[in-house]
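These are my notebook entries on one structure. I set down what I looked up, entry by entry.

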Amino acid sequence: FILGIPYLLVHVLYMNRNTIGMFETRRYLGSLYNGYRLDVFYWECIIMVKKIAVVGVIYGFRMLGPTMQIPMALMMFCIFIALEYYYKPYAWLMLQNIERCSLLTHALSFFLATLYAADSLQDGNMRTFVEVLIISINIVFVLYVAETVIYFRYKLVGFRRCFFCCKNKDDIMKMENNENGKIIRHLNRSMTLVNNSMQRNINVE
């Protein structure tokens, strides 16, 4: 299951790589790559590999103790942070920011955990300070995610109203001129990419 599920997902997505922008494919497989750019449709499998690698490192080096587990896990996070910044897989800026903050929060938490386990910081006050710092960092991250999601849902209300209620192009143009115009223009660009992908598929056939 650990290796088989990611491989199966990659295989299914690869077999449908030429139609991932079409409605029928999104209907059945869209949950595996929605939110990612179409040229990195496999990124959900990279996320799964990241989790497997971190858990595997922690479990595999359990006999050597935290002095080996924490640095190895921190190295894994650094690798995946570099991959995320290099490939920039997310189609939405909100998802990109949340993922990067998540990776940085994990890496910083593991770094502080190395200080917590250090022999030179066995003083009770210092250990308490590190504990509070780790908890505070994770609380700030959770609050940031909540604020971002709430803000996005608020901005999406105008898009839904336009999508379900607009009857003509004049209504859509009015929406583009208000504060929700960016969402509408992003949708238009996304639909253009989908149409281009469908046209390429037709030409290939």
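Entry 1, contacts along the chain. I began with the contacts in the protein chain that have a separation of 6 or more, and I found that residues 24 or more positions apart account for 54% of them. I note here that the model is predicted.

Entry 2, elements. I looked up the helices and strands and recorded 8 helices and 0 strands in the protein chain. Read from the N terminus, the order is α-α-α-α-α-α-α-α.

Entry 3, confidence. I looked up the pLDDT, which averages 77 over the protein chain, with 72% of the residues scoring at least 70. Over residues 158-169 the pLDDT is below 50, and this stretch has 14 contacts in the model beyond near neighbours in sequence. Where pLDDT is low, the predicted coordinates should not be read in detail. I therefore leave the details of such coordinates aside.

Entry 4, surface and burial. The protein chain has 205 residues, of which 32% are buried. I recorded an exposed area of about 13,900 Å² for the protein chain, with carbon and sulfur atoms supplying 67% of it.

Entry 5, the largest nonpolar core. Which members of this core touch the most other members? Among its 14 residues, I found these to be M76, F77, A107 and F110. Helix 3 (43-60), helix 4 (66-87) and helix 5 are the elements that give two or more residues to this core. Helix 4 gives the most, with 7 residues. I then followed F77 and, leaving out residues up to four places away in sequence, found that F77 touches V54, L103, H106, A107 and F110. A second, separate core has 12 residues, including Y36, F41, W43 and Y90.

Entry 6, helix 3. I looked up the span of helix 3, which has 18 residues and reaches 25 Å from its first C-alpha to its last; this is close to the 26 Å expected at 1.5 Å a residue. I listed W43, C45, I47, K50, A53, V54 and V57 as the buried residues of helix 3. Against which helices do the buried residues of helix 3 pack? I found that they pack against helix 1, helix 4 and helix 5.

Entry 7, L9 in helix 1. L9 lies in helix 1, which covers residues 4-15. Is L9 buried or exposed? L9 counts as buried because its relative accessibility is 19%, and the cut-off for buried is under 20%. Leaving aside neighbours within four places in sequence, I found L9 in contact with L32, C45 and M48. L9 and L32 are 23 residues apart in sequence, yet their C-alpha atoms are 8.0 Å apart in space.

Entry 8, cysteines. I looked at C45 again, this time for accessibility: at 4%, C45 counts as buried. C101 has a relative accessible area of 27%, so C101 is partly exposed. I also searched the whole structure for disulfides and found 0.

Entry 9, helix 5. I looked up helix 5, residues 93-117, and recorded 25 residues and a reach of 36 Å from its first C-alpha to its last, close to the 36 Å expected at 1.5 Å a residue. Among the buried residues of helix 5 are Q96, I98, E99, R100, L103, A107 and F110.

Entry 10, T148 in helix 6. T148 has its place in helix 6, residues 124-165. At 12% relative accessibility, T148 counts as buried. Which residues are in contact with T148, if its neighbours within four places in sequence are left aside? I found M94 and I98; I98 is one of the buried residues of helix 5.

Entry 11, Y85 in helix 4. I found Y85 in helix 4. Y85 counts as partly exposed because its relative accessibility is 39%. Not counting residues up to four places away in sequence, Y85 touches R100 and L104. Y85 and R100 are 15 residues apart along the chain, and 8.2 Å separates their C-alpha atoms.

Entry 12, K88 in a loop. Where is K88? I found K88 in the loop between helix 4 and helix 5. The phi of K88 is near 45 degrees, which is a positive value in a residue other than glycine. K88 has a relative accessible area of 45%, so K88 is partly exposed.

How values were computed
Residues are numbered from 1 along each chain as its sequence is written. This is a predicted model: local features need pLDDT of at least 70, side-chain atom pairs count only at pLDDT 80 or more; totals for chains, interfaces and linings use all residues. Side-chain values use heavy atoms; hydrogens and water are left out. Helices (H or I, at least four residues) and strands (E, at least two) are DSSP runs, numbered from the N terminus. The expected span of a helix is 1.5 Å times one less than its number of residues. Buried means under 20% relative accessible area, exposed over 50%, partly exposed in between (1.4 Å probe, protein chains only). A nonpolar core is a set of buried Ala, Val, Leu, Ile, Met, Phe, Trp, Tyr and Cys residues joined through side-chain atoms within 4.5 Å. Contact means heavy atoms within 4.5 Å. Accessible areas come from the Shrake-Rupley method with a 1.4 Å probe; for residues, only the protein chains shown count as cover. pLDDT is the predictor's confidence in each residue, from 0 to 100. A disulfide is a pair of cysteine sulfur atoms within 2.5 Å.
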